[in-house]
Amino acid sequence: MDLLNTLVDKGLRRELPTREEALAVLATSDDDVLDVVAAAGKVRRQWFGRRVKLNYLVNLKSGLCPEDCSYCSQRLGSSTGILKYSWLKPDEASKAAAAGLAGGAKRVCLVASGRGPTDRDVDRVAGTIKAIKEQNEGVEVCACLGLLSDGQAERLREAGADAYNHNLNTSEGTYGEITTTHTYADRVDTVNKAHAAGLSACSGLIAGMGETDEDLVDVVFSLRELDPDSVPVNFLIPVEGTPLAKEWNLTPQRCLRILAMVRFVCPDVEVRIAGGREVHLRTMQPLALHLANSIFLGDYLTTEGQAGQADLEMIADAGFVVEGADEVTLPEHRAEAAGSVCGSHADAGCGSHADAGCGSGCGSHGGVAATATEPRTDLVAVRRRGAGTDLAPNA
Ligand code: SF4
């Protein structure tokens, strides 16, 4: 296919595809899905080889959020039955992080629900970062605490944070249909603050909220402009009790096309499969490793993932290798430009709080290319183990 040959050539040269080319990837048929994966896989291998970076989420504060992000199980007035708890103590967070690191993760993503941190919250998180770094040499820490005020990114950087995650989630044009309590511009501002403070920026999206192909291309092109080091791709988990609970718009093939499009637009950036991997890719997860070079190990913020051991077996069976703590995630040219301690930066999960699950008005914005699937509510399990419980974490 000429389109794919062109996109591979551009990806190998780190050249931006046109919007039309990105849209054409999303419009390919299921018959062509293996060709699409093979083409984007060449770009992935050029910049990241067969390495898969593992990241581990620690939900420092769960639920009780005053914001109204419609994909989120932690939103205002949510009736999702998720775990609700206030700030974990540094030693509790460190214990949870240690489980993920022992399972093979090299990055810990510290996430807290809420519009954004107070200065006191930043102090708390600084103590947690210190505890984790003291006990786990070489660990990368990404914070995801919502919208940042002036000076907070710098304070997190001083406290030892390597990265900051805040997702754009969807296109600027549809953002107001997803959330009313803050704006797309607020989100862009926080990503820019993280960048300016020398933190590795991590910012991504949520697919499956009823957006059009144009929306998806818009948000991915906007992300490319923001130039994050990592782009988490969430697939909406329609959690019962959220406004988007009925939005089952994704097929495994659609998810693969979306990941391929992100890879072509952001060829040398860490692309992470975030929330919704098990729910929407299902048995096609191993194919997605040919597109993304990063995943979360184990559970998400408020929902459960497959067993950590199953993640590791999947990676090995698919012919990939877990990236070691001493390996640099990003290609040399990006790691140097980032100039930060970890050369890899990434994460996801938050700012949009990983388990994605959005939904406002979805299925609604028209032009959805995906063929709707039967709801797989059987695959959605509220997290009942790990942080905030007495049970061992999944790692
Ligand atoms: S995504 Fe974050 S800010 Fe929005 S409702 Fe969820 S926890 Fe609150």
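Colleague: Helices (H or I, at least four residues) and strands (E, at least two) are DSSP runs, numbered from the N terminus; how many of each are there in the protein?

Modeller: The protein has 14 helices and ten strands. It is a predicted model, in which local features need pLDDT of at least 70 and side-chain atom pairs count only at pLDDT 80 or more, while totals for chains, interfaces and linings use all residues. Residue numbers start from 1 along each chain as its sequence is written.

Colleague: Thanks! What comes right after α8?

Modeller: Glycine 198 follows α8, and its phi is positive, near 85°.

Colleague: And how far apart are the end C-alpha atoms of α8?

Modeller: They are 19 Å apart. Helix α8 has 13 residues (184-196), which should span 18 Å at 1.5 Å a residue, so the two values agree. The expected span is 1.5 Å times one less than the number of residues.

Colleague: Which residues of α8 are buried?

Modeller: Tyr184, Arg187, Thr190, Val191, Lys193 and Ala194. Buried means that 20 or more other C-beta atoms, placed from the backbone, lie within 10 Å of the residue's own; 12 or fewer is exposed, and in between is partly exposed. An α-helix has 3.6 residues a turn, so residues three or four places apart point the same way.

Colleague: What covers those buried residues of α8?

Modeller: The cover includes helices α6, α7 and α9, along with strands β4 and β5.

Colleague: Changing topic: what surrounds the ligand?

Modeller: Eleven residues do, with Cys65, Glu67, Cys69, Cys72 and Ser113 the closest. A residue counts as near if its C-beta atom, placed from the backbone, lies within 6 Å. The shell divides into three nonpolar, five polar and three charged residues. Asp, Glu, Lys and Arg count as charged, Ala, Val, Leu, Ile, Met, Phe, Trp, Tyr, Cys and Pro as nonpolar, and the others, Gly among them, as polar.

Colleague: How many residues are in the largest nonpolar core?

Modeller: That core has 105 residues, and Tyr56 is among those with the most contacts inside it. Such a core joins buried Ala, Val, Leu, Ile, Met, Phe, Trp, Tyr and Cys residues through C-beta atoms within 7 Å.

Colleague: What does Tyr56 touch?

Modeller: Its partners include Leu101, Val108, Phe296 and Ala395, leaving out residues up to four places away in sequence. Contact means C-beta atoms, placed from the backbone, within 7 Å.

Colleague: Last one: how does β7 pair with β8?

Modeller: They run in the parallel sense over four bridges, and pairing takes at least two DSSP bridges. Proline 232 stands opposite arginine 272 in β8.

Technical notes
Two residues are in contact if their C-beta atoms, placed from the backbone, lie within 7 Å.
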